[in-house]
Amino acid sequence: QVQLVESGGGLVQPGGSLRLSCITSGSIHSFNAMGWYRRAPGKQRELVADITSGVSTTYADSVKGRFTISRDNAKNTVYLEMNNLKPEDTAVYYCHALDIVAMKRMDYWGQGTQVTVSS
């Protein structure tokens, strides 16, 4: 069973920075893509950023230029560097891994880490 464990959330003032980490129990080489989603209070879960096995990245418009997703294959870890944080970035952030095997899609999720941006 694949496990994803996030860390790095917390309370930060507007304009501040945080780095989220997600370590997997398996090799991230095996995943087609990994990414970060978030769910703010009263809102649906949304994609923040993802990175494919070919290192192609996608970002939500709201975070472009402020957030950077990266991966360290040797450490089986995916990162989300978040700069110039805004109160609207407040949410629970979830790590996600996508695996497609024999045309069957498998989604794996972490437990989530809280990010609160407030003065």
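**Close-up views of the strands, a buried aspartate and a disulfide**

**View A: the pairing of β1 with β3.** Strand β3 (residues 18-24) runs antiparallel to β1, and the two pair over 4 bridges. Strands here are DSSP runs of E at least two residues long (helices would be H or I, at least four), numbered from the N terminus, and two strands count as paired if DSSP finds at least two bridges between them. One spot to zoom in on is Val5, which sits opposite Ile23 in β3. Everything shown is a predicted model, so to speak of local features takes a pLDDT of at least 70 and side-chain atom pairs count only at pLDDT 80 or more, while totals for chains, interfaces and linings use all residues. Residue numbers start from 1 along each chain as its sequence is written, and side-chain values use heavy atoms, with hydrogens and water left out.

**View B: the open sheet β1-β3-β8-β7.** Read across, the order of these 4 strands is β1-β3-β8-β7, with antiparallel pairing. The edges are β1 (4-7) and β7 (67-72), each with a partner on one side only. From one strand to the next the twist averages 15 degrees; the angles are taken between N-to-C directions of lines fitted to C-alpha atoms (for helices, over the stretch in contact) and run from 0 to 180 degrees. As background, strands of a sheet pair through backbone hydrogen bonds, either parallel or antiparallel.

**View C: β8 and its two partners.** How many of the residues of β8 are buried? It's 5 of the 6, so β8 is largely enclosed by the rest of the structure. For the cut-offs, buried is under 20% relative accessible area, exposed is over 50%, and partly exposed is in between (1.4 Å probe, protein chains only). β3 pairs with β8 in the antiparallel sense over 6 bridges, and Leu18 has Met82 of β8 as its bridge partner. β7 also pairs antiparallel with β8 over 6 bridges; there, Thr68 is matched with Glu81 of β8. The β7-β8 hairpin has 4 residues between the strands, and Asn76 in this hairpin takes a positive phi near 50 degrees.

**View D: Asp89 and two arginines.** Asp89 belongs to the loop between β8 (77-82) and β9 (91-101). Its relative accessible area is just 1%, so Asp89 counts as buried. The Asp89 side chain makes polar contacts with the side chains of Arg38, at 3.0 Å, and Arg66, at 2.8 Å. A polar contact is a pair of N or O atoms within 3.5 Å; within protein, one must be able to donate a hydrogen and the other to accept it, and residues adjacent in sequence count only if both atoms are side-chain atoms. Setting aside neighbours within four places in sequence, the residues in contact with Asp89 (heavy atoms within 4.5 Å) include Phe67, Asn84, Val115 and Val117.

**View E: the disulfide of Cys22 and Cys95.** A search of the whole structure turns up 1 disulfide, defined as a pair of cysteine sulfur atoms within 2.5 Å. Cys22 and Cys95 are the pair, with S to S at 2.0 Å. Cys22 is in β3 and Cys95 in β9, so the link ties together parts that are 73 residues apart in sequence. Both ends are buried: Cys22 has 0% relative accessibility, and so does Cys95. The link is left-handed, with -80 degrees about the S-S bond.

**View F: the β9-β10 hairpin.** Strand β10 (residues 104-109) pairs antiparallel with β9 over 6 bridges, and Leu98 stands opposite Asp107 of β10. The hairpin has 2 residues between the strands, and Ala102 in the turn has a positive phi of about 50 degrees.
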